[in-house]
Structure formats: C-alpha cells, structure tokens
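Here is a short tour of how the helices in this model fit together. Take a moment to look at the structure before reading on.

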Amino acid sequence: MFTDYLTTLLGTVYKVPGVIDPDKSFTELEVDSLSLAELGAHLEEELGVPVDEEELTGSTTVTELAGLLQSRGAVVPA
C-alpha cells in the first residue's frame with residue numbers, strides 16, 4: 001500500500017523517470033538530497049508522522065521507507 005503511494009508520489013511530484021523499482025535506493029533512482037528533504041517534509045505534513053533525515057538518506061529504499069511509515073501508523077491518503 002505505501003509502496004504504491006510512494007512510487008506514484010516519486011513519479012508525479014518528484015519526476016523520477018521510468019518504472020520505479022521499490023528495492024532500489026533513492027541514489028539509484030537519482031533522487032538528490034534536496035528532493036529527499038522535500039519528500040520527508042511532504043510525508044510529515046501529509047501523513048502526520050515524523051521522518052528524520054537519518055532515516056531518509058540516499059541509501060534508503062522505497063520499500064524501507066514504506067515499512068517505516070507503516071510502523072509509525074501512517075495512513076495513505078484517499
């Protein structure tokens with residue numbers, strides 16, 4: 001559920017090209033550090049859960065971020 005939400009968000013808002021493999025790191029997906037900071041702020045605002053800079057780095061994968069959000073009780077917006 002969160003994986004689909006995140007891949008859609010990355011493709012539409014952050015313009016990550018092509019098919020997004022959720023097991024690739026953000027570095028492999030060519031998401032830069034500024035975009036990662038914006039993504040963290042976006043998720044905190046939209047989902048109401050904290051995402052620390054240390055948890056959202058270039059080596060983090062979409063799958064790992066999805067697990068983090070789920071573990072914090074976030075709910076995917078309708």
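## Helices and their shared core

In H1 of this predicted model, the buried residues are Phe 2, Tyr 5, Leu 6, Thr 7, Leu 9 and Leu 10. H2 and H3 are among the elements that cover them.

Now for helix H2. With 15 residues at 1.5 Å each, H2 should span 21 Å, and this agrees with its end C-alpha atoms, which are 21 Å apart. Ser 35, Leu 36, Leu 39, Gly 40, Leu 43 and Leu 47 are the buried residues of H2. Because they cover an arc of only 145° around the axis, they lie on the same side of H2. An α-helix has 3.6 residues a turn, so residues three or four places apart point the same way. The buried residues of H2 pack against H1 and H3, whereas Leu 34 and Glu 45 are exposed on the face turned away from the buried side.

The two ends of H2 each have a local feature to look at:

| Place | Residue | Value |
|---|---|---|
| Start of H2 | Asp 32, side-chain oxygen to the backbone nitrogen of Leu 34 | within 3.3 Å |
| Just after H2 | Gly 48, positive phi | about 75° |

Which residues touch the most other members of the largest nonpolar core? Among its 24 residues, they are Leu 10, Phe 26, Leu 39, Leu 43, Leu 65 and Leu 69. H1, H2 and H3 are the elements that give two or more residues to this core.

Leu 39 is a good one to click on. Setting aside neighbours within four places in sequence, Leu 39 is in contact with Leu 9, Leu 10, Tyr 14, Phe 26, Leu 56 and Leu 65.

Methods
Residues numbered from 1 in each chain as written. Predicted model: local features only at pLDDT ≥ 70, side-chain atom pairs only at ≥ 80, totals over all residues. Heavy atoms only, no water. Helix = DSSP H or I, 4+ residues; strand = E, 2+ residues; numbered from the N terminus. Expected span 1.5 Å × (residues − 1). Buried < 20%, exposed > 50% of the residue type's maximum accessible area, 1.4 Å probe, protein only. Arc of directions from axis to C-beta. Contact = heavy atoms within 4.5 Å. Polar contact = N/O pair within 3.5 Å; in protein donor to acceptor, adjacent residues only side chain to side chain. Core = buried A, V, L, I, M, F, W, Y, C linked by side-chain atoms within 4.5 Å.
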